[in-house]
Amino acid sequence: MGGRGGGSHRRLSACSPKASFGEPDATNSALATREQDEADAPASADLTPAPEPGSLLFVLVRVLVIEDNEDLRLAIGGSLRGAGFAVDSVGDLPQADEALTVNAYDCAVFDRMLPSGDSLAYVRRNRPSVPVLFLTARDSVADRIAGLEHGDDYLVKPFAMDELTARVRSLCRRVSASLPPVLRCGDLEIDVGRRAVRRAGVLLTVTPKEFMVLELLVLRQGAPVSRTELVEYAWDEHVAPASNVLAGVIKQLRKKLREPEMIRTVRDHGYTIGPA
């Protein structure tokens, strides 16, 4: 899975869950600026099951938004980030194609009509390996059927932001359900569903960034993972932290995992994890 952001800040007032939006103007906008909360705080509680006592639970999944209207694109991105998702936003199909090629996403939200053409035709032709939600003002039965045949969900404009968020969350859960329920490395256990970490049976408190870094290391245990891979997995694209911030996350993980040490530095490459 990909990577993901936490926090509850909303950038635009238009991102209120009750806000609704109509069909955007046919504007060929440039690639939108990515934004991300820097705070390593848990996402909203409604994204996860009720926490066990003393545990820190959160959802950190990555969504690609393809929308040519800049105001709507920023509003959708801001609302999804406010709900705890990491979001990359682009304005047309060529940028979407590049993003889907180089990054891993848990869901893609396509505006139906884009400057380069009908996104449904793009999805039908390329069959991206990610759940797809279409946004459109085309609400005929035939359009709905076509959208559900070639995508995973279909939301007609105008729509409420809370409904869009709920639908994206539902699609992302399908991806999460395909992961092993528990990842193990020696006496370390990562409960993917509950987003909880234990070592030798002891529940550890970790931040969202720490969880994502640890999750990727365990998924690739025994093999070195580069700093670039860890940053791309745990942070939004184009908001990658400075290398010393990643080093800080590793330092905190080592402290919380305690001795004997599991995370090892691979000189001139990155990090690896293995049983102590």
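Where does Pro260 lie? I'll start there and then walk through the rest of the chain, a few notes at a time.

1. Pro260 sits in the loop between helix 8 (243-257) and strand 15 (263-266). The peptide bond leading into it, from Glu259, is cis, with omega near -5 degrees. Bear in mind while looking at this that the model is predicted.

2. The loop holding Pro260 has another residue to look at. Arg258 is also found between helix 8 and strand 15, and its phi is near 65 degrees, a positive value in a residue other than glycine. As for cover, Arg258 counts as partly exposed, at 39% relative accessibility.

3. A cis bond also turns up at Pro158. The bond from Lys157 to Pro158 is cis, with omega near -5 degrees. Look for Pro158 in the loop between strand 8 and strand 9 (159-160).

4. Now for the overall picture. The chain has 276 residues, and 52% of them count as buried. You can trace 8 helices and 16 strands along it. About 12100 Å² of the chain is exposed, with carbon and sulfur atoms supplying 51% of that.

5. One part to find by eye is an open sheet of 5 strands, in the order 3-2-4-7-8, with parallel pairing. At the edges are strand 3 (86-90) and strand 8 (153-156), each pairing on one side only. From one strand to the next, the twist averages 20 degrees.

6. Within that sheet, strand 2 (residues 62-66) is a handy reference. It pairs with strand 4 in the parallel sense over 4 bridges, and 5 bridges join strand 2 to strand 3, also running parallel. Leu64 gives you a marker for both pairings: it stands opposite Ala108 in strand 4 and opposite Asp88 in strand 3.

7. Strand 3 is an edge strand, yet how many of its 5 residues are buried? The count is 5 of 5. Both faces are covered: Ala86, Asp88 and Val90 are buried on one side, Val87 and Ser89 on the other. Helix 1 (residues 70-82) lies across strand 2, strand 3 and strand 7, and its direction is at about 170 degrees to that of strand 3.

8. Next, helix 3 (residues 119-126). Ser119, Leu120, Tyr122 and Val123 are its buried residues to check. They are on the same side of the helix, because they cover an arc of only 160 degrees around the axis. In general, an α-helix has 3.6 residues a turn, so residues three or four places apart point the same way. What do the buried residues of helix 3 pack against? The list is helix 2 (93-102), strand 4 (107-111), strand 5 (113-114), strand 6 (117-118), strand 7 (132-136) and helix 4 (141-150).

9. Have a look at both ends of helix 3 as well. Asp118 caps the N-terminal end, with a side-chain oxygen 2.9 Å from the backbone nitrogen of Leu120. After the helix comes Arg127, whose phi is positive, near 45 degrees. Arg127 belongs to the loop between helix 3 and strand 7. Is Arg127 buried or exposed? It is exposed, with a relative accessible area of 65%.

10. Leu100, in helix 2, is a good residue for linking these pieces. Leaving out residues up to four places away in sequence, Leu100 touches Leu64, Tyr105, Phe110, Tyr122, Pro128 and Val130. Among these contacts are Leu64, the marker residue opposite Ala108, and Tyr122, one of the buried residues of helix 3. The C-alpha atoms of Leu100 and Ser129 are separated by 8.9 Å, although the two residues are 29 apart along the chain.

11. Last, there is an open sheet of 4 strands with antiparallel pairing, in the order 10-11-12-13. Strand 10 (182-185) and strand 13 (202-204) are the edge strands, each pairing on one side only. Here the twist averages 25 degrees from one strand to the next. Helix 6 (residues 208-219) packs on this sheet, touching strand 10, strand 11 and strand 12 (196-199), and its direction makes about 115 degrees with that of strand 11. For a closer look at the pairing, strand 10 and strand 11 (residues 188-191) are joined by 4 bridges, and the bridge partner of Leu183 in strand 11 is Ile190.

Notes:
Residues are numbered from 1 along each chain as its sequence is written. This is a predicted model: local features need pLDDT of at least 70, side-chain atom pairs count only at pLDDT 80 or more; totals for chains, interfaces and linings use all residues. Side-chain values use heavy atoms; hydrogens and water are left out. Buried means under 20% relative accessible area, exposed over 50%, partly exposed in between (1.4 Å probe, protein chains only). Helices (H or I, at least four residues) and strands (E, at least two) are DSSP runs, numbered from the N terminus. The arc is that of the directions from the helix axis to the C-beta atoms. Contact means heavy atoms within 4.5 Å. A polar contact is a pair of N or O atoms within 3.5 Å; within protein, one must be able to donate a hydrogen and the other to accept it, and residues adjacent in sequence count only if both atoms are side-chain atoms. Accessible areas come from the Shrake-Rupley method with a 1.4 Å probe; for residues, only the protein chains shown count as cover. Two strands pair if DSSP finds at least two bridges between them. Axes are lines fitted to C-alpha atoms, for helices over the stretch in contact, and angles run from 0 to 180 degrees between N-to-C directions.
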